[in-house]
Amino acid sequence: MNRHRATRPLTFAAIALAVLALVALAWFLAASQSDQRSDLRARYGDRTAIAASLIDSLFRLAFTSQSQQASQQWAAPHISQRRLDAAVARQQIVWSMVVDADGKVLGRSSGAPAAPVAATIRGAERNGFGVGAVQPRKTPVVDSAVKFSTPAGVRYLVNGTPLKSYRTFLDGTLKPLPTLKRSRAFVIDQNGRTLGVALSRARRGEMPSNELLRAIKARDSVSYTVQGEGIYAAATTIPHTPWRVISTGANADLYATLSGPSRWVPWAILLIGALTLVAVGFLLRRLLKTNAALEESRRNLEQRARELERSNADLEQFAYAASHDLSEPLRTVAGFSELLRQRYDGQLDPEADGYISFIGDGVKRMQQLIDDLLLYSRVGRAPLREETVDLEAVLRDVLGWLAPAIEERGAQITHDPLPAVRGEPGQIAQVLQNLVANAIKFTAPATVPEVRVSARRSGGSVQVSVADNGIGIDGGGDVIFKMFGRLHPVDTYPGTGIGLALAKRVVEAHGGRIWVDTAPGGGSVFSFTLPAAVHAPRPVEMPA
């Protein structure tokens, strides 16, 4: 019991460690999938950064060329409106002006504002070019400024370009960006005006939704919901401009590689592992309970074994008393009854002589009963001293013991070749003696007893049969193998009723069984099995 108590904490500790391992695995799996989702969002956001850098590079290339041309065209101290109008018409822009480093307008075209946008000039001053916000005119115009050098100093060429010119350029640049099934890409200014659009094939609209503009405001990435569908958006500001590149995609498309089996199979495996752990825990709990119950049963069996040992000791004491203490008074009674018979035989009336005879017969029967009980109690108490037993020799001894009864009835005893068996010779002889004696005794007075002993081997056992032509058992096969089981009165067929019970106990102690059948022509066939000798010959195989 102490061993089971010692293993119980170890079992619980193992289960606790397994639970912690499952929890850690679940956390790792959730963190891994979360990291994968974050990585997908980061990659999606990187595309907007690449698009913004590409637009900046194209802007820088275009404005660098424009700066070189401006250095050649607009280096004069005074620039006429006519020349600027011609340049505006040639470049298909809305207006143009030249400003010196102090912000003084050196020339302006028709339709140009009174003063340039200061923020645009500052951007050009810092970076070489600057792009401003969209001016809300009848034809939306985008301010831009480019810095160029002249012999007179630094100057700025400020142009008002139609928004549609930028949009054509930006649409083409954004076109590779929407790669998901329901993704879109935009370029917007600081006021949320759309400057460029690129849509996937499954487009739903060409303008950014109000939900997107509210969610992405001043943020690089955001997740929001439109009509119950989760959307992820990433934004990157185009360098040297107030514009931003925004790319959106449905979560179902963005996380498609983490959806379906690829997402749920690991969790299913983890769930199966958890269920397996629960089952193992349940089985361990059952096992601990079973072990505890087995330990309790073992202790009970040990206690009962000790009680059985005490009982066997008491039985041995009883057997000793029965063989000595009880036999002594019987011998005394037998002796005095014999003296009475010898001294007063024929001197008393016939009734008295009958009484004396009854006393002697009762004493003999009681002595036989005590001897049979003593023999029955001894069978099975001590381990069998097994040896190879020759049934032929045992039967010869039994027939020698029963010679007076055989001669008295003129019985005919025959037998087939008998094999060797394993067992205790004395006890096996006792079984054969009881069966042959009963075959002779339980035969009608006018019938000559005929007894045949045969044996057949089947596998590792030998079946021995004793057939007779006696009175039969008449349906009492179960009764006759019980202690004191009888089918006839004592005065008809004398005996103690212990012989067949003793035979049953001996056969079962040898690992066999005994039974009785009705013989085809009348009489009975008693059969029993015994272990065959290891190297014994096989006389006759039993039929299948």
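Start by selecting Glu-302 and Arg-298: their side chains form a salt bridge, with the closest N and O atoms 2.2 Å apart. A salt bridge here is a side-chain nitrogen of Lys or Arg within 4 Å of a carboxyl oxygen of Asp or Glu. Before going further, note that this is a predicted model, in which local features need pLDDT of at least 70 and side-chain atom pairs count only at pLDDT 80 or more, while totals for chains, interfaces and linings use all residues. Residues are numbered from 1 along each chain as its sequence is written, and side-chain values use heavy atoms, with hydrogens and water left out.

**Stop 1: salt bridges on helices**

Keep Glu-302 and Arg-298 selected and show helix 7 (residues 261-325): the two are 4 residues apart in this helix, so about one helical turn separates them. Helices (H or I, at least four residues) and strands (E, at least two) are DSSP runs, numbered from the N terminus. Glu-302 is partly exposed at 34% relative accessible area, and Arg-298 is partly exposed at 36%. The cut-offs are under 20% relative accessible area for buried, over 50% for exposed, and partly exposed in between (1.4 Å probe, protein chains only). Now add Glu-295, which is linked with Arg-298 and Glu-302 in a network of salt bridges.

Next, go to helix 1 (residues 2-73). Select Arg-43 and Asp-39, whose side chains meet in a salt bridge at 2.9 Å, N to O. This pair, too, is 4 residues apart in its helix, which means a separation of about one helical turn. Arg-43 is exposed at 55% relative accessibility, whereas Asp-39 is partly exposed at 34%. The count of salt bridges comes to 7.

**Stop 2: more of helix 1**

Stay on helix 1 and pick Phe-28. Is Phe-28 buried or exposed? With 52% relative accessibility, Phe-28 counts as exposed. Add Leu-25 and Trp-27, and you have a nonpolar surface patch of about 390 Å². Patches are built from residues with over 30% relative accessible area and no salt bridge, joining like charges within 9 Å and nonpolar side chains (Val, Leu, Ile, Met, Phe, Trp, Tyr) within 5 Å. The areas come from the Shrake-Rupley method with a 1.4 Å probe, and for residues only the protein chains shown count as cover.

Now move to Ser-67, also in helix 1. Ser-67 is buried, at 15% relative accessibility. Leaving aside neighbours within four places in sequence, Ser-67 is in contact (heavy atoms within 4.5 Å) with Val-146, Lys-147 and Phe-148.

**Stop 3: a strand between partners**

Select strand 15 (residues 461-468), where 6 of the 8 residues are buried, so the strand is largely enclosed by the rest of the structure. Show strand 14 (residues 450-458) as well: 8 bridges join it to strand 15, and the two run antiparallel. Strands count as paired if DSSP finds at least two bridges between them. The hairpin they make has 2 residues between the strands, and in it Gly-459 takes a positive phi near 65 degrees. Then add strand 17 (residues 524-531), which pairs with strand 15 in the antiparallel sense over 7 bridges.

Which residues should you pick to see both pairings? Gln-463 of strand 15 stands opposite Arg-456, and in strand 17 its bridge partner is Thr-529.

While strand 14 is on screen, select Arg-452 with Asp-416, a salt bridge of 2.3 Å, N to O. Asp-416 sits in the loop between strand 12 (412-415) and strand 13 (420-423), and Arg-452 in strand 14, so the pair ties together parts 36 residues apart in sequence. Asp-416 is partly exposed at 23% relative accessibility, and Arg-452 is partly exposed at 40%.

**Stop 4: the nonpolar core**

Select Val-464, Phe-526 and Phe-528, which touch the most other members of the largest nonpolar core, a set of 39 residues. Such a core consists of buried Ala, Val, Leu, Ile, Met, Phe, Trp, Tyr and Cys residues joined through side-chain atoms within 4.5 Å. Among the elements that each supply at least two residues of this core are helix 10 (391-401), strand 14, strand 15 and strand 16 (514-518). Helix 12 gives the most, with 8 residues.

For a last pick, select helix 13 and colour its buried residues: Leu-500, Ala-501, Leu-502, Ala-503, Val-506 and Val-507. After helix 13 comes Gly-511, with a positive phi near 85 degrees.
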